[in-house]
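Biologist: I would like a close look at one part of this model, with the cut-offs spelled out. Please go on from there to whatever else bears on the protein.

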There are 2 protein chains.
Amino acid sequence: MNFQQLRYIRAALQNDLNLTKVASELFTSQSGVSKQIKELEAELRIEIFVRRGKRLVDLTEAGRSAAPVIERLLQEAENLKRLSEQFVQADKGRLIIATTHNQANYVLPQVLVSFSHEFPEVDVELRQGSPGLVVDMLLRGEADLGIATEAIDGKAGLRSFPCFSWEHVAIVPHGHPLAGQEGTTLTDIAEYPIITYTPEFTGRSNIDAAFERAGLHPDIRLAAVDADVIKTYVQLGMGVGIVAQMVVENGSDQAFATVPGSNRFFAPSTTKIAIAEGALLRNYAYRLIQILAPHLDERTVKGARQVEASREATALLPFAARHDLRIRDARRHPAIDNRPQKTAAV
Amino acid sequence: MNFQQLRYIRAALQNDLNLTKVASELFTSQSGVSKQIKELEAELRIEIFVRRGKRLVDLTEAGRSAAPVIERLLQEAENLKRLSEQFVQADKGRLIIATTHNQANYVLPQVLVSFSHEFPEVDVELRQGSPGLVVDMLLRGEADLGIATEAIDGKAGLRSFPCFSWEHVAIVPHGHPLAGQEGTTLTDIAEYPIITYTPEFTGRSNIDAAFERAGLHPDIRLAAVDADVIKTYVQLGMGVGIVAQMVVENGSDQAFATVPGSNRFFAPSTTKIAIAEGALLRNYAYRLIQILAPHLDERTVKGARQVEASREATALLPFAARHDLRIRDARRHPAIDNRPQKTAAV
DNA sequence: TATCCTTACGGAATTCGTAAGCATG
DNA sequence: CATGCTTACGAATTCCGTAAGGATA
């Protein structure tokens, strides 16, 4: 048994049992892949794959129970490598963050500026996609951290931690009848076409729930995966936009008016950060978690067992309150950009 | 990185960092061991061992954090092998039980008769030793199951499950003044020299505690690791023996009288069964656990997470009540010896 | 001096990749 | 007939063990 064999099998599982693809993905010959897999099967005296003629078509029962063990083996091997990198150069390396547009564009900028001042030798890579993709990338080991509001909570194979809570707000162009209009109700908003997120994205479920609760059936004229698109169409006068609070607070332009009090219509959403279960992270990854979720202590993040307990016990910071924290934090690192954050009215 | 390298490192940790010993233990040359270890260190670009001149004298910090990962890797590799054996021939293989004399001689005989009728193709090996040794053998992966009363509870790296509870009784030769003497008190017993277990063995702590509570300072004339030795000296008239209940109930000879009611003097002890954390066991091993601790369900035993909860929630069977269970159980397996069990009076 | 790790080096075993064979859809 | 797994076989690499070298207690 060797790691190469295990890698081939995992890759086969991730590539529709197509050994040709596996070979090209791992830059080797498919004959080698085929042989190594057969060799492992012979050594263990089980068949892992069901073959029809000369094609792999399924996992055997034995293969099905071996798969998670193989997964863990490769995971631990990865951990050993990461662990050693930690000692070679603790503050140098790569950090891959899988996240959604909303987080990447409206939350992470400030965070990553601070982070990269603290760890100038760490190359940060942002991988952007749907919450579902974020989950997949974590599970496949293609990303170190995942940040999203949807889809990652309670996912098997992941450990997730709440970072902060936030609300949706309604935005309109300046001069719109609802602009600055105190006492606006959700019913008033529902009179206009709505432009908001696609289902599955950025707390969309909370938006739907709010209308449902009020017995309203709004005309969702356009749904987009990111707030920039939503803003574009709102600016064109196509309707009222409903976006995450941080879009308005952290966005660079002030081309919009928020509908006063509109945040109260929608239940708060919680942005979570997740890591693959059993994965060992570099110290700077833990530091980034700490920046994003200052209420968690490192032991909680590293220990798998206590997660459930802590999730209940720890009070979440609302998004707005985080500004202070971030700035205070930054002061501890002299090189950090210390300009005051924008504090848009919600 | 390969498994051989990891095995060498683990063996080094278990052999005082003496690579010569490692080589002979693993039937290879020490030059090979040395080279493989250096090769892994080079690949990971860390030093795992502190060398003084040409001698390994300690683990580096990096080595200290790598060690548990290496341990897990080898554990999972073991698991993969076991898992495959499971599919090759589910009911054939080997089962190594580490246990103490008391369990081996007075509890396991009935259990193993039943077990080996059910699994005639499983070779059972009993490894006998002190409770501390039982723990070590489990942690080193040299035994599949550990059964003892002491030392295994709450040990890091082990998962333990209570099997049944039992009490100590006082035994005397027939014709002894206390034989059949109703109303005997602990004070009466303490008048005589006591012959019982060595500290650390078979619930000895409960015996000491009972005398302590009663403000008595008995003359422990002789302490032995096993009940057979105790019985020998009791028979010679050297004093009153205090032994585990099953010694009297399951022992073959009736050369002794128990002091009526003496079981009530001592707090009950609980025999536990333990397995190494993260170890995957063969199906028959789980079956043996089930025979020994019928109140546990298999999911509880296999799942690491729920152990703590179940330990509280599940009611323990007292030892005496287990006779019935064992017999009922046996009936489900026609080949099993069905003769009624001895039911000695306690 | 006895013990013990490292290095050197030749032989053995394993792994790898090209090419050909053959089964499937 | 295009795709895809298997087998064969020679080349490259890696692994292993003997033997010699050097360091420690």
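Modeller: What follows takes the surface near DNA strand D, then the two copies and some salt bridges.

This is a predicted model, in which local features need pLDDT of at least 70 and side-chain atom pairs count only at pLDDT 80 or more, whereas totals for chains, interfaces and linings use all residues. Residues are numbered from 1 along each chain as its sequence is written, chains are lettered from A and ligands numbered from 1 in the order in which they are written, and side-chain values use heavy atoms, with hydrogens and water left out.

DNA strand D is surrounded by 25 residues, a residue being near if one of its heavy atoms lies within 4 Å of the strand. The closest are Ser34(A), Arg51(A), Lys54(A), Arg55(A) and Thr28(B). By class, three of the surrounding residues are nonpolar, twelve polar and ten charged (Ala, Val, Leu, Ile, Met, Phe, Trp, Tyr, Cys and Pro count as nonpolar, Asp, Glu, Lys and Arg as charged, and the others, Gly among them, as polar).

On the DNA side, sugar or phosphate supplies 61% of the strand D atoms within 4 Å of the protein, and bases supply the rest. Three polar contacts (N or O atoms within 3.5 Å) involve phosphate oxygens of the strand. The side chain of Arg52(B) places an N or O atom 3.1 Å from one, and the side chain of Gln4(B) does so at 3.2 Å. Ser29(B) uses a backbone N or O atom instead, at 3.4 Å. Two or more residues each come from helix H2 (19–25), helix H3 (30–44) and strand E2 (55–59) of chain A, and from helix H3 (30–44) of chain B; helices (H or I, at least four residues) and strands (E, at least two) are DSSP runs, numbered from the N terminus. H3(A) gives the largest share, five residues.

Turning to the two copies, chain B lies on chain A with an RMSD of 0.1 Å after a turn of 180 degrees and a shift of 0.0 Å along the axis. The copies are thus related as by a two-fold rotation axis. The superposition is by least squares on the C-alpha atoms of residues with pLDDT of at least 70 in both. Of the interface residues of chain B, 100% are also interface residues in chain A, so the copies meet through the same surface (contact means heavy atoms within 4.5 Å).

Side chains of opposite charge can pair when their charged atoms come close. Over all chains there are 32 salt bridges, each a side-chain nitrogen of Lys or Arg within 4 Å of a carboxyl oxygen of Asp or Glu. In one of them, Glu85(B) and Arg282(B) bring N and O atoms to 3.0 Å. This pair links distant parts of the chain, 197 residues apart: Glu85(B) is in helix H4 (residues 61–88) of chain B, and Arg282(B) is in the loop between strand E12 (269–276) and helix H12 (283–292). Arg282(B) is buried at 5% relative accessible area, while Glu85(B) is partly exposed at 33% (buried means under 20%, exposed over 50%, partly exposed in between, with a 1.4 Å probe and protein chains only). Elsewhere in chain B, Asp16(B) and Lys21(B) pair at 2.8 Å; Asp16(B) is exposed at 60% and Lys21(B) partly exposed at 36%.

Definitions and conventions: A polar contact is a pair of N or O atoms within 3.5 Å; within protein, one must be able to donate a hydrogen and the other to accept it, and residues adjacent in sequence count only if both atoms are side-chain atoms.
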